[in-house]
Amino acid sequence: MEVTTTGRFRVYRSPRDGDELLLLELPDERIDWTDPAVETDADDAYSPTYVPQAGYGGDLAERVSALEPGNEIEATLRWEDGDPRFAAVTVRDRTRFRFVGAATGLFEAARETWRATGDGEAIGSRVTYGTDGDPNAVLYVFAKQPGARDLFDEFGDGVVPLDPLLDRLDDETDAPDAPREVFVLRPLDEEFVLVAIALDREGLFARTMRDTYC
């Protein structure tokens with residue numbers, strides 16, 4: 001029996017197979033996992049679905065092949081014997097995610113953000129500004145976790161969704177629909193994981209990050 005479902009999703013690269021995408025369904029109400037007062041299970045709030053990226057025809061094939069990690073999409077999925085495939089897809093937001101697992105030469109603003117984080121605190125943040133005085137990015141630093149947990153991998157695999165950080169940014173800017181570019185870096189010589197969110201993926205901050213680390 002064929003069933004179709006429709007929803008809003010954030011696109012990730014699949015950690016299982018290079019020929020498929022990981023879609024995290026976006027909840028109707030925003031959830032901030034960085035708030036200690038909020039108790040939620042990310043798997044329940046952001047339900048994951050693995051969908052093939054190949055094997056489509058015509059316009060749908062072009063739309064699916066053009067999807068990038070970080071895009072927010074509205075998609076209709078066709079389920080056959082429990083396996084989903086795209087039936088239709090529209091990009092709602094062209095925000096893009098980039099993950100760099102062995103970053104070196106981290107810029108000073110990121111290191112200053114970490115140094116300003118209070119003792120015992122696991123998260124620090126700051127806004128950065130361009131030479132014109134306008135904000136161009138928000139930086140988040142997260143203490144590297146001891147033991148088996150790897151926060152960088154959890155960001156990349158969607159285990160820890162990035163949407164709550166984007167929601168915070170949308171609430172605090174005048175352009176909530178602007179495409180962002182999110183850089184998740186695991187510095188080799190630092191004690192933290194960096195999430196740098198460029199307010200404009202075509203702006204100077206994003207271009208500099210791409211040229212330097214990607």
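Reader: Into which exposure class does Arg63 fall at 40% relative accessibility?

Author: The model is predicted, with pLDDT of at least 70 needed for local features and 80 or more for side-chain atom pairs, while totals for chains, interfaces and linings use all residues. Numbering starts from 1 along each chain as its sequence is written, and side-chain values use heavy atoms without hydrogens or water. Buried is under 20% relative accessible area and exposed is over 50%, with a 1.4 Å probe and protein chains only. At 40% relative accessibility, the class of Arg63 is therefore partly exposed.

Reader: With which residue does Arg63 form a salt bridge at 2.7 Å, N to O?

Author: A salt bridge pairs a side-chain nitrogen of Lys or Arg with a carboxyl oxygen of Asp or Glu within 4 Å. The partner lies four residues away, about one turn of the helix, and both residues belong to helix H2 (residues 58–65); helices are DSSP runs of H or I with at least four residues, strands are E runs of at least two, and both are numbered from the N terminus. At 46% relative accessibility, this partner counts as partly exposed. The residue that meets Arg63 is Asp59.

Reader: Of Arg16 and Glu20, which counts as buried?

Author: Their side chains meet in a salt bridge, at 2.9 Å from N to O. Arg16 counts as exposed because its relative accessibility is 58%. The other residue has 11% relative accessibility, so the buried one is Glu20.

Reader: How far apart are the closest N and O atoms in the salt bridge of Arg92 with Glu74?

Author: Both residues are partly exposed, Arg92 with a relative accessible area of 48% and Glu74 with one of 37%. The closest N and O atoms of the bridge are apart by 3.4 Å.

Reader: How many residues separate Arg92 and Glu74, and in which strands do they lie?

Author: The salt bridge between Arg92 and Glu74 links distant parts of the chain. Arg92 lies in strand S5 (residues 83–93), and Glu74 lies in strand S4 (residues 72–80), at a separation of 18 residues.

Reader: Which residues are linked with Arg92 and Glu74 in a network of salt bridges?

Author: The structure holds 20 salt bridges. Besides Arg92 and Glu74, the network of salt bridges takes in Arg8, Arg10, Glu72, Asp93 and Asp163.

Reader: Which element gives the largest share of the lining of the largest pocket?

Author: A pocket is an open set of points on a 1 Å grid over the protein atoms alone, where a 1.4 Å probe fits, with protein on both sides within 12 Å along at least five of seven lines; lining residues have an atom within 4 Å of a point. The largest pocket holds about 420 Å³ of space, and Arg8, Arg30, Glu72, Asp167 and Asp170 are the closest to its centre among its 21 lining residues. Strand S1 (2–13), S5 and helix H5 (163–172) each give two or more residues to this lining. The largest share, four residues, comes from H5.

Reader: Which element gives the most to the lining of the second largest pocket?

Author: About 300 Å³ of space lies in the second largest pocket. Of its 15 lining residues, Gly130, Asn136, Gly203, Leu204 and Phe205 lie nearest the centre. At least two lining residues come from each of strand S7 (123–129), strand S8 (135–143) and helix H6 (204–213). With four residues, the element that gives the most is H6.

Key
Grid points are joined across faces, edges and corners, and a volume is the space filled by probe spheres set on the points.
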